[in-house]
Amino acid sequence: MYVRYDSLNRNEPLVLTLCNPGSIRSENGTLTRVVGMLSDTSDEELVLNFNATSELNFRIYKVRRGDGEADAHTAAMYFGIQPRRLIYVSGIAYFAISTVDEDVSDNGPYKDVRAESIEIELQNKKVPYIKDGTYRFASDDTTTVGLMETLVAVLPMWKVGHVDDEVASKYRTFEDVSTDQNILSFLLDDVQDAYECIVLFDIMNRVINVYDQANFVHQTDIHLTRDDLVKSIDTVNENVVVILFHTFDGVFQNILTAHCIEQSCFYAGKFNV
C-alpha cells in the first residue's frame with residue numbers, strides 16, 4: 001500500500017535510495033554509505049505492519065537510453081541490487097534486501113526485489129547470555145542495568161527511545177534464556193509477554209520504543225459508519241484493518257489504518273473535513 005498523497009489525493013511515487021549495510025540517516029536527513037538513487041522501477045508495494053516486520057517489493061529494469069553517462073548509472077544501480085544491501089524509502093524507513101530474482105521480459109532484463117524493514121537486523125543477532133534471575137525492564141538512576149540495556153549493548157546501531165514509566169519500572173524473572181534465540185523474536189515474544197508491553201521500532205532512525213499495553217489504546221469520540229464517511233472497510237490481516245473514507249465534498253481522502261491489539265483498535269490517519 002502507498003502511504004503518501006499529494007494535494008490532489010494522488011499517490012506520490014516512492015523515492016528509493018540504494019545504500020550499503022550500516023547506512024544511517026543523520027538529523028538533517030542526509031544518508032551515509034549511499035550507492036545511488038534508483039530509477040526505472042515499477043510495481044512498488046509498501047506494506048507497513050504494526051508490531052511486525054514491514055515489507056517493500058518492487059521491480060527494477062535495466063534500461064538503455066543511448067546516453068553513455070545515464071546508461072552507466074542505470075547499469076550500476078541495476079547490478080548493485082544485491083541481498084543485504086539497504087533501500088531507504090524517503091521519509092519512511094530503511095529496508096534490507098532479502099531476495100532478488102532476475103529474469104528477462106520483452107522490455108529487457110529486470111529484477112524482482114523483496115526487502116524487509118530494518119529491524120530485521122535484530123534477527124541476525126543472538127540474545128546475549130542472560131543469567132537466571134529477576135530483571136528490571138530499563139535502567140534506573142542507580143547502578144541497576146535493565147534488560148533492555150543488556151540487549152541493546154550488542155546492537156551498536158540501535159538505541160532505546162521512549163519507554164513508558166509503567167514498563168520501565170517492572171521486574172520480571174527469566175530462566176533458561178537460550179542464546180540460540182535471536183533478539184527480534186525474544187523482544188516480540190518473551191519480553192512483550194513478560195512485561196505486558198508493546199515494542200515498536202522506529203525503522204527510519206533505528207530506535208526501539210516501548211509502551212504499556214494497558215495505556216497504549218486511547219478511546220476517542222470519533223465514530224465512522226458506512227452511512228457517513230466510510231467508503232470501504234478491508235481486513236488486511238488479524239491485526240490491520242484499512243478504512244477508505246472521504247470528505248464532505250465527496251473527495252476520497254487518505255487511508256485510515258486501524259491497528260488492532262486483541263479486541264481494541266487505535267487509528268492512524270488524517271481527517272481533512
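## Strands, helices and a shared core

In this predicted model, V89 stands opposite A93, a residue of strand β6. The two strands concerned are β5, which covers residues 86–89, and β6, which covers residues 93–105, and they pair in the antiparallel sense over four bridges. Strands of a sheet pair through backbone hydrogen bonds, and this pairing can be either parallel or antiparallel.

Both strands belong to an open sheet of seven strands, whose order is β2-β1-β5-β6-β7-β4-β3 and whose pairing is antiparallel. At the edges of the sheet lie β2 (34–37) and β3 (41–47), each of which pairs on one side only. On average, and with direction ignored, neighbouring strands of the sheet are turned by 30 degrees against each other.

Two helices can be set side by side.

| Helix | Residues | Span between end C-alpha atoms | Expected span at 1.5 Å a residue |
|---|---|---|---|
| α1 | 68–80 | 18 Å | 18 Å |
| α4 | 183–195 | 16 Å | 18 Å |

Helix α1, with its 13 residues, is therefore close to the span expected at 1.5 Å a residue, whereas α4 spans only 16 Å where a straight helix of 13 residues would span 18 Å.

What caps the N-terminal end of α1? The cap is D67, which has a side-chain oxygen 3.1 Å from the backbone nitrogen of E69. Further along, the buried residues of α1 are D71, T74, A75, M77, Y78 and G80, and these buried residues pack against the strands β1 (16–19), β2, β4 (55–61), β6 and β7 (108–117).

At the start of α4, a side-chain oxygen of N182 comes to within 3.1 Å of the backbone nitrogen of L184, and just after this helix E196 takes a positive phi of about 50 degrees. Between these points, the buried residues of α4 are I183, L184, F186, L187, L188, V191, Q192 and Y195. An α-helix has 3.6 residues a turn, so residues three or four places apart point the same way.

Which residues touch the most other members of the largest nonpolar core? This core has 57 residues, and the ones in question are L56, F137, F201 and I208. Its largest share, seven residues, comes from α4. When residues up to four places away in sequence are not counted, L56 touches L14, L16, E45, L46, I87, V89, F95, V113, R114 and A115, and so the residue V89, which stands opposite A93, appears again among the contacts of L56. In soluble globular proteins, nonpolar side chains tend to be buried together.

Notes
Residues are numbered from 1 along each chain as its sequence is written. This is a predicted model: local features need pLDDT of at least 70, side-chain atom pairs count only at pLDDT 80 or more; totals for chains, interfaces and linings use all residues. Side-chain values use heavy atoms; hydrogens and water are left out. Buried means under 20% relative accessible area, exposed over 50%, partly exposed in between (1.4 Å probe, protein chains only). A polar contact is a pair of N or O atoms within 3.5 Å; within protein, one must be able to donate a hydrogen and the other to accept it, and residues adjacent in sequence count only if both atoms are side-chain atoms. A nonpolar core is a set of buried Ala, Val, Leu, Ile, Met, Phe, Trp, Tyr and Cys residues joined through side-chain atoms within 4.5 Å. Contact means heavy atoms within 4.5 Å. Two strands pair if DSSP finds at least two bridges between them. Axes are lines fitted to C-alpha atoms, for helices over the stretch in contact, and angles run from 0 to 180 degrees between N-to-C directions.
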